[in-house]
Amino acid sequence: MSTDDKIPAREITPPELYANRRTVMRGGIIAAGALATAWLYRKLNGVELATTESAPLAGLVTPSDPTFQVAAEALTAREQIINYNNFYEFTTNKDGVAKAAAGFTTDGWKITVDGLCNKPRVFDMDALRAISPPEERIYRMRCVEAWSMVIPWAGFSLSKLLSLVEPQGSAKYVAFETLHDVERMPGQSNDILEWPYREGLRMDEAMHPLTLLTTGLYGRELPPQDGAPVRMIIPWKYGFKGIKSIVRISLVATQPPTSWNMYAASEYGFFANVNPDHPHPRWSQATERRIGEGGRRKTLPFNGYGEQVASLYAGMDLHVHY
Ligand code: MTE
């Protein structure tokens, strides 16, 4: 599986960050924003960053659809992607997930696909990989906390898996669940969220080709902190819809309960489409900080994927269905 080698931060600081270090210090750490501050703090204090090696993905292909690969924007450095995470099953400290999840093993992992379908089935990872070669999809990822990254994920459209189990006409939603195992995910001893972590999509969202069943990152298997061995990525939605370490996918008739919506329904909607015009009750969503960049960018409706997905929400009031 994966090992978690540690190398000193100074050896893997991207050169451009290194070059800017003096300027950033002179310019004032506060101006750099909370995330950059944390990042810089770690750098300046020599806190080690995880490198979390994982196996290369065999047979990675480049998709032909250009909307599957944001070409014009710089990729976020792998070191940043794998050292700044949300994964409450391990810790609520974003900088600490890599370390807390380092020993998580996924040997013998199985995903049950069940509910309103003609061919319910349990997939092991080999069966899952046999469905399709992994495609490298470069997606923008926008977190509800107003930071963003550009990430080369790998995987295939969830629709390919769902078609295999033959959803019935009565299936209107898809419900997802993360592993519930407090021994392996010690953060589950804390009841900040109701476990297991749950997410859901409407059937048309789940079947949309952009919706990615994700097994890799930067050409390698997902490291534990990013949701090994398999997670969801829905690039036009806030990051919390991207449920990690999935063990169950169920076809259901009604809108399923979802973790952050259960936690605070007024703050985290079921749809969670990226919407610069609909502020979170405690902060604006109009702009975002792209990790690794200075300044802020304007947030795009549906995270820039409006042409592909806006029609799914035609006629819906997106301030009601946020
Ligand atoms: N999935 C599980 N099981 N547990 C979590 O805490 N956090 C979510 C989402 N998926 C989370 C989860 C949130 S809030 C975000 S922003 C993304 O994962 C973060 O993904 P990343 O750490 O790979 O950037």
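This passage describes the ligand site, the salt bridges, the backbone irregularities and the cysteines of a predicted model.

The ligand is surrounded by 16 residues, of which Y88, E89, D226, R231 and K244 come nearest. By residue class, the shell around the ligand divides into seven nonpolar, five polar and four charged residues. Polar pairs between protein and ligand involve both side-chain and backbone atoms, as the following cases show. A polar side-chain atom of R231 is placed 2.7 Å from an oxygen atom of the ligand. For T178, the partner on the ligand is a nitrogen atom, and the distance from a polar side-chain atom of T178 is 2.9 Å. N86 takes part through its backbone, with an N or O atom 3.2 Å from an oxygen atom of the ligand. On its own, the ligand has 530 Å² of accessible area, and the protein covers 98% of this area.

N85 is found in the loop between α4 and α5 (97-100). The relative accessible area of N85 is 3%, so the residue is buried. A polar atom of the N85 side chain lies 3.1 Å from the backbone oxygen of I81.

Across the whole structure, a search finds 17 salt bridges. One of them joins the side chains of R248 and D114, with an N to O distance of 2.2 Å. R248 belongs to strand β12 (residues 246-252) and D114 to strand β3 (residues 110-115), so this pair ties together parts that are 134 residues apart in sequence. The two partners fall into separate accessibility classes: R248 is partly exposed, at a relative accessible area of 31%, whereas D114 counts as buried at 19%. The value for D114 falls under the 20% limit that defines a buried residue.

A salt bridge is also formed by R137 and E135, whose closest N and O atoms are 2.9 Å apart. Both partners are buried, R137 with a relative accessible area of 1% and E135 with one of 14%. In the salt bridge between E194 and R198, the closest N and O atoms are 3.7 Å apart. R198 has a relative accessible area of 18% and is therefore buried. Beyond these pairs, salt bridges link E73, R140, R142, E288 and R290 in a network.

Two cis peptide bonds can be described. The bond from W195 to P196 is cis, and its omega is near 0°. P196 is located in the loop between β7 (173-178) and β8 (198-202). The residue before this proline in the bond, W195, follows E194, which is a partner in the salt bridge with R198. A228 and P229 are likewise joined by a cis peptide bond, here with omega about -5°. The loop that holds P229 runs between β10 (220-221) and β11 (231-233). R231, one of the residues that come nearest to the ligand, is within the range given for β11.

Positive phi values in residues other than glycine occur at T52 and F302. For T52, phi is near 35°. This residue has its place in the loop between β2 (49-50) and α4 (78-81), and at 2% relative accessibility T52 counts as buried. For F302, phi is near 50°. F302 is part of the loop between β14 (297-298) and α10 (306-309), and its relative accessibility of 9% places F302 among buried residues.

Turning to the cysteines, the structure holds zero disulfides. A disulfide is a covalent bond between the sulfur atoms of two cysteines. C117 has a relative accessible area of 6% and is buried. C143 also counts as buried, at 5% relative accessibility.

Terms used:
Residues numbered from 1 in each chain as written. Predicted model: local features only at pLDDT ≥ 70, side-chain atom pairs only at ≥ 80, totals over all residues. Heavy atoms only, no water. Disulfide = S-S within 2.5 Å. Buried < 20%, exposed > 50% of the residue type's maximum accessible area, 1.4 Å probe, protein only. Near = heavy atom within 4 Å. Polar contact = N/O pair within 3.5 Å; in protein donor to acceptor, adjacent residues only side chain to side chain. Areas by Shrake-Rupley, 256 points an atom, 1.4 Å probe, with all protein chains shown as cover. Nonpolar A, V, L, I, M, F, W, Y, C, P; charged D, E, K, R; others polar. Salt bridge = Lys/Arg side-chain N within 4 Å of Asp/Glu carboxyl O. Helix = DSSP H or I, 4+ residues; strand = E, 2+ residues; numbered from the N terminus.
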